[in-house]
Amino acid sequence: MSGAPPKRQDTRKFFENLSGAGKCIAVLTSGGDAQGMNAAVRAVVRMGIYVGAKVYFIHEGYQGMVDGGQNIKEATWESVSSMLQVGGTVIGSARCKDFRTHEGRLKAAQNLVQRGITNLCVIGGDGSLTGANLFREEWSGLLEELQTQGLIDNEAALANSVLHIVGMVGSIDNDFCGTDMTIGTDSALHRIIEVIDAIMTTAQSHQRTFVLEVMGRHCGYLALVSALACGADWVFIPEMPPEDDWEDNMCQKLSENRADKKRLNIIIVAEGAIDSRNKAITPDYIKELVVRCLGFDTRVTILGHVQRGGTPSAFDRILASRMGVEAVLALLEASATTPACVVSLVGNQAVRLPLMECVLMTQEVQKAMDEKKFEEAVRLRGRSFENNLSTYRLLSYRTPDAELPVSSFNVAVLNVGAPAAGMNAAVRAAVRVGITEGHKMFAINDGFEGFYKGQIKEIKWGDVGGWTGQGGSLLGTKRTLPGKYLDKIAEQIKIHNINALLVIGGFEAFESLLKLFEARLHHEEFCIPMCMLPATISNNVPGTDLSLGADTALNAIVETCDRIKQSASGTKRRVFIIETMGGYCGYLATVGGLASGADTVYIYEEPFDIRDLQANVEHLTQKMKTSIQRGLVLRNENSNENYTTDFIYQLYTEEGKGVFDCRKNILGHMQQGGAPSPFDRNFGTKVAAKAVQWISRTLKDSYKGGRVFTNSEDTACLLGMRRRAMVFQPVSQLKDETDFVHRIPKEQWWLKLRPLMKILAKYKTSYDVSDSAQLEPVTRVRPKESKPSENI
């Protein structure tokens, strides 16, 4: 791994300098429960204890704070064991009327002062966070009142004079402005998509129409993203009511879809869906309409509280763990003048935002909706929501051929490398957006092997129907590189008059695009716009933080680890050694380890020797003396050629004799299979749509003299997520960032998560916090005059 630049090293600061000694932190969950809250509680408790602070649970939310007594208990390291995989919140949550009164807050203040608690971590929705901020603003007045009443003395008032508050948003609705994802949203999407996938099989059998109601009284995020993730025919959300004649439009679209041999229709309704006159649109009304106008066999399914239940997804566990640690850092760094902040996620980066600015912006959305300024409401929801809506509009309705822009361009799509979940969603989006832009779309089967053999055919709108939820690669994919077949591939480009290329795949796809770019010198057929979308479970492609398919693989790993850990609950003192895929890239092992609560993770990027192995065995031996009598060790398949999974298993078995026994498990290709996760479906759909729009722009710019010709490096690009943004990067520039021998990027962002994983497993480690979030203002959205709402 290449080291950081010297300047960076000089300015690094480590959290060892941030001591929690003498501080008391309390954590509570409030409002509606959300999967992942327990992971956040666990991270706050363990990080707090790690830095030397006393940490308290406040049971039953604000009600527990008001009632005091046994509701406020000191937490121990062991008390948050086995919480990670549990849905809901184990410390309880309640909607509290008492805390809304001045007397209630006075009692709460007294209960906190008695225990010396001046740092509060609140996990909940905007109502819970607003309550916390009010409590903070009133704090000094409440202490004065308690002093006057003789309930606390002057010394206690001085010692507890400032209350620090950090919020984390736990809400399945994803209705909080300032963050891309709230804790619980991804898990709720998992529940919805599991149900839709199951319903689709029965709907197909009987040629039925299904109307599904999902949660979201004031926010349509769940409805919108699940519609994107399953390719629904129609979606109703509160932020964007349909046009007045929506009934006729919807029935016409459903009818056209059936005429195109589609055997089922899916309509998704947010529970708060309204029409342009603010009248509720209910599933029963839609059913009655479809039956009356079309005579289709129609069923209604209301998902209800199923969406709140079940185990948290890998994404929610990682998000909550990162946010929990960040919340403790924010509390340690807070001064008397620091405003209450909320720890949030933008792109792939943790940020701290002023709590009340976010709350006010969230309230502005509702105000805009009440005033029928729906375009403004969508913009206020933020970048992520806007992107989802615009992508859904692009893909949902097929423009009649006569109305399409006329383009004489042919665009080809192919998959390269190992299959990855989400590839099919990306191909579907690319094909449909390409057709909407007026291009003729071609599918190349079996990667570059199929390319040079001429396995190329036109692919139409209806050919990709129902592809979103399918795993693997329906186009077929091979690891073959184009190097040996450049002449034949150039010939096929000429025969089919291909003007642009979209390559979806892993490291092989990156190498292939580099080869094609370099071959432009000798073959002008390759002087066309070329774009690559990273899709590999290993997440080892340079130029992107996340690859398509990695989230689905992580969920498979985490689900298996949960089951394996559960199997040890009857047999105490057992350690499991689990091998994950990933080649030389330790992403799956590291992030899977963080999400499943692993004790140790062995990866190639962080060399280890026999002394490290010995220290890990001793660490587990100490752990077995506590009430947590099981261990989990993950090993990346290529982490070390000599310290194999068998070697580590035998070493642990020998060294742990009489203390614990061992079992090993090689997860293998189950990590590559299965239906794509909601994240991968949505991510694949959005990046492919963005890539095809880039291709369209680049084609127009490079069309000169009656043909497409471009040899500049910025027309052979990789589209990747970099921290907060999606970026097109020339593959030639990414060459220097790549270790081609081990097929990994030279710098990998997720290595910063390793110390966090070690801290949560009780290892003493160094944690660089110079890159941690700093308080920043909320990006305001300029209000525009609202246009008449468009149908979605």
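This is a short tour of a predicted model, with stops at its nonpolar cores, one helix pair and some aromatic rings.

Start with the core. Select Met168, Ile266, Ile268, Phe451, Leu501 and Leu502: within the largest nonpolar core, which has 200 residues, these touch the most other members. Then colour helix α11, residues 314–333, which gives this core its largest share, 13 residues. Apart from this core lies another, of 40 residues; Cys96, Ala108, Leu112 and Val169 are among them.

Next, centre the view on Phe451. Leaving aside neighbours within four places in sequence, its contacts include Leu414, Ile444, Ile456, Ile489 and Leu501. Asn445 and Gln492 are also in contact with Phe451.

Go back to α11 and add helix α19, residues 550–567. Their axes are 8 Å apart and the helices pack at an angle of about 85 degrees. Angles of 65 to 115 degrees count as roughly perpendicular, and α11 and α19 are therefore roughly perpendicular to each other. To see where they meet, show Ala314, Phe315, Arg317 and Ile318 in α11 with Asp551, Leu554, Asn555, Val558 and Asp562 in α19. The residues of this contact divide into 5 nonpolar, 1 polar and 3 charged.

Now turn to the rings; the structure holds 20 aromatic pairs. Select Phe135 and Trp139, an edge-to-face pair at 5.5 Å centre to centre with 85 degrees between the planes. Both lie in helix α5, residues 126–148, about one turn of the helix apart, and both are buried. Add Tyr62 and Phe99 to see the cluster that ring pairs link together with Phe135 and Trp139.

Finish at Trp234 and Phe236, both buried. Their pair is tilted, with 6.5 Å centre to centre and 45 degrees between the planes.

Notes. Residues numbered from 1 in each chain as written. Predicted model: local features only at pLDDT ≥ 70, side-chain atom pairs only at ≥ 80, totals over all residues. Heavy atoms only, no water. Core = buried A, V, L, I, M, F, W, Y, C linked by side-chain atoms within 4.5 Å. Buried < 20%, exposed > 50% of the residue type's maximum accessible area, 1.4 Å probe, protein only. Helix = DSSP H or I, 4+ residues; strand = E, 2+ residues; numbered from the N terminus. Contact = heavy atoms within 4.5 Å. Axes fitted to C-alpha atoms, helices over the stretch in contact; angles between N-to-C directions. Parallel < 35°, antiparallel > 145°, perpendicular 65-115°, else oblique. Nonpolar A, V, L, I, M, F, W, Y, C, P; charged D, E, K, R; others polar. Phe/Tyr/Trp six-rings, centres within 6.5 Å; stacked < 30°, edge-to-face > 60°.
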